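Dear colleague,

I am passing a structure on to you, together with some notes on its aromatic rings and its cysteines. Please open it first and keep it beside you while you read.

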Amino acid sequence: MSSSSPFTLSRRRFLTATSSIAAYGALSGLPFGLGAAKAAVADGEHIQASHWGAFWAKIENGRFVSLRPWEGDPRPSPMLPGVQDIVYSPSRIRYPMVRRAWLEKGPGANPETRGTGDFVRVSWDKALELVAGEIKRVQEEIGPWGIYTGTYGWQSNGRVSNGQNMLKRLMNLTGGSVVSSSNYSKAGIEAIMPYVLGQVDAFGPQSSHQTIIEDSDLVVFWAVDPLKTNQISASIPDHGEYAWFDDMKKAGKKAIFIDPVKTEGCKILDAEWMQVRPHSDVALALGLAHTLLAEDLHDKDFLENYTTGFDAFADYLLGKEDGVEKTADWAADLCELPADTIRDLARRLVAGRTMLVSGWPVQRQQYGEQFPWAFVTLAAMVGQIGLSGGGFCQRYHLDNPGAPFANGPKLGGSSFKAGKRKEIKEWPEDKGTNSIPCARIVDMLEHPGEEYDHNGKKFLYPDVKLCYWVGGNPLHHHQDHNRMVAAFKKFDTFIVQDYQWTASARHADIVLPATSSFERNDIDRVGVVANRAIIAMKQIIEPVFEARNDFDIFKGLATILGVEPEFSNGKTDLDYVKEIYEDALSQASKINVEMPDFDTFWNGTGVIEFETPESALRRTKYTEFREDPLINALPTPSGLIEIYSKAIEKFGYDDCPPHATWLEPSEWMGQKDSKYPFHVNSNHPQYRMHSQLNGSPKLRAIYNVAGREPIWINPKDAEAKGIKSGDIVRVFNDRGQCLAGAVVTDEIRPGVVQLQEGAWYDPADASTPGSICKYGDPNILTPDIPTSKLGQATSACTCMADFEKYEGEAPAVTVFDTPANG
């Protein structure tokens, strides 16, 4: 039994890991340095950046030999030591590769050999010829509706080298393609909040941390882990959230964490841990709301002046709609918290200034739109929205959005955009939509030409034959991988462009090796909200093996397809970097902030830091709306917070009623006599960003158990199964099975096991349906069902399974090895 997180990395271990990078780089780089390495920059230290933070990269004889954190980073991520493995690891894609059967027999040949590693190395000329030929063939013989470029994922950071934009730009110049909408992260919130608040809400700056430190009496963290997830960012993280927690601790802030897992923040604040049953969060919110209503604790003035539809919701709470009153006792049976605890929490919400903080896992489940709606409704009943230290936030876990603004200019994006589709062929209605919700890719493949609902409208799925993926890993972020692998066999051709042999690359027909961000030029900012600095991401090493920049790959394809120089506009990637910087320079001159010219910046230290004025410390979201809801009306039909939505009512969806509602999921711990009794919590990983950095041997050495993904198990459940820490466990349900290494800890509630998402899918036999994943990918277990007809979002957090101790010799993990001929 453990009383502290098994994955907490001490500062000593972090420094030890960081200092060992030079030695590891020398060893792991042997295959990369048999010839003389070319020097992209002079020997010495050069500033660079990543999703995990900024750092100084040391270059010797053309090789990236070590790194140290940038001194401007107040809390370097423990993941930073693994960044060098992006360049030098066995999972690096070295050459253009083609699946043998596809190369010999053409598109659609022997799809059962996908994922088996049977690749043939080809030249770049041949690879580009094959890819361009497939694009041209499908465009001419079928049409743009036959190509799917819904490529999605976090890709590499940087403002220019956006391979996904480049791909869409190329396709739009050649006739178009089917793309995707929304994301796997927050599609449920993105679907429902525009109807409730007139905007997604979970974007951009939020109420500043300082207002909570000064004015909050109670902070409720609901299914959110800010200290873990703020380690990463789509740009460069500023890592200011640790100071926020330190300041809350110093100020003695009372905090509650509602979560089946005890998080690091909960321990730091010595907070109350309410071990809620997964999937019951809506029921808990309704029980709290009923208590506020029944005890006349709700803010009637706020509800009357700033919301609409509360009366209908109140009738629902009182059971006038369905005969079931949503009392604290009713909620207690569902969420497994005592009814008195629920009633007491409701009273505490209105006893002082309360900030409600939620994360996104609770909207990544069946009927996921209901919790954000219930959450905002509860906050409206408390009545503190727009008051300093009160209200709600649905984003404190990403991009440190409570940070104050620095006084620097905004770093915009490149003018190198996807652009509009070139009308080469008319897109008939019967060919399906040109955009699908990203989480419905398998449905699209299984049901071409069939109708589906989405956000109040009906659409047709297109019949796609070619898929081109860049900067993402669909065989990580999608659910029910056995179903997905079977569906992907319907593609005639699957092209993957990446720098590592992810599971997706291993299942491709054509694989193009791309550079990492350290092998090309780019630019980015520190802090999406804080905007603390601009950093030059100057190329520090030459591309390893035969990797090419995404820009150069697409430029080569554009040349073959006859759409260059329309593709590049006659510019280089460095031209676009300079364009972005000079736009920021122009902004700076208008606000009296000094910045050097581009050449001085690029050839100097490559870092410009900005000051944070004291006046920026305090910021409260929705203050203007509270001050005058008429002049500062929300962009909803009523201009108010819509507790009841007449627009959603008109849709008539049985899985998304017109107000926040408890809907029992198809599988959860509350079912009696369930075939699979354990909820699988597929949390964000501690030592990678989704699937990125899973290829790092250095980091896997920290968290792997028995060479596999760790699975957290409560001591009571482990004892009942005869399992101890370090054992190999088989986790299974009707959708699939995987192996994992047991970690027995009291930091997870009974009845719940935890497998980190982002583990690379490693089937024992890729040619055999249902083959066990040897490494521990939770998405072999999760269902591929939508949240609702409204959002069509992922339901990855809806998952029940069982587990047992694995007996006998476990199969070796091979997903991190280079495929044959690779």
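Are phenylalanine 551 and phenylalanine 567 buried or exposed? Both phenylalanine 551 and phenylalanine 567 are buried, and please keep in mind, for this and for everything below, that the model is a predicted one.

Let me begin with the aromatic rings. A pair of aromatic rings is described by two values, namely the distance of the centres and the angle of the planes. The structure holds 47 aromatic pairs, and one of them joins phenylalanine 313 and tyrosine 316, whose ring centres are 6.5 Å apart and whose planes stand at 40°, so that this pair is tilted; the reason is that a pair counts as tilted when the angle is neither under 30 degrees nor over 60. Phenylalanine 313 and tyrosine 316 both belong to helix 13 (residues 310-317), where they are three residues apart and therefore separated by about one helical turn. Phenylalanine 313 is buried, with a relative accessible area of 2%, and tyrosine 316 also counts as buried, at 3% relative accessibility.

Phenylalanine 551 and phenylalanine 567 form a tilted aromatic pair as well, with 6.2 Å from centre to centre and 45° between the planes. This pair links distant parts of the chain, since phenylalanine 551 lies in helix 21 (residues 550-561), while phenylalanine 567 lies 16 residues away in the loop between helix 21 and helix 22 (573-590). Both rings also take part in one aromatic cluster, which is formed by Phe416, Tyr468, Phe551, Phe554, Phe567 and Tyr576.

Charged side chains meet aromatic rings too. The charged end of arginine 619 sits over the ring of phenylalanine 405, at 4.4 Å from the ring centre, and arginine 700 lies over the face of phenylalanine 816, at 3.7 Å from the centre of that ring.

Now to the cysteines. A disulfide is a covalent bond between the sulfur atoms of two cysteines, and a search of the whole structure finds zero of them. Why does cysteine 393 have no such bond? The closest cysteine sulfur, in cysteine 266, is 18 Å from the sulfur of cysteine 393, which is too far for a bond. For cysteine 773 the closest cysteine sulfur belongs to cysteine 738, at 5.8 Å, and this is again too far, because the two sulfur atoms of a disulfide must lie within 2.5 Å. Cysteine 393 is buried, with a relative accessible area of 1%, and cysteine 773 is buried as well, with a value of 0%.

With kind regards

Note on methods. Residues are numbered from 1 along each chain as its sequence is written. This is a predicted model: local features need pLDDT of at least 70, side-chain atom pairs count only at pLDDT 80 or more; totals for chains, interfaces and linings use all residues. Side-chain values use heavy atoms; hydrogens and water are left out. Rings of Phe, Tyr and Trp (its six-membered ring) pair if their centres lie within 6.5 Å; planes under 30 degrees apart count as stacked, over 60 as edge-to-face and the rest as tilted. Helices (H or I, at least four residues) and strands (E, at least two) are DSSP runs, numbered from the N terminus. Buried means under 20% relative accessible area, exposed over 50%, partly exposed in between (1.4 Å probe, protein chains only). A charge sits over a ring if NZ of Lys or CZ of Arg is within 6 Å of the ring centre and within 35 degrees of the ring normal.
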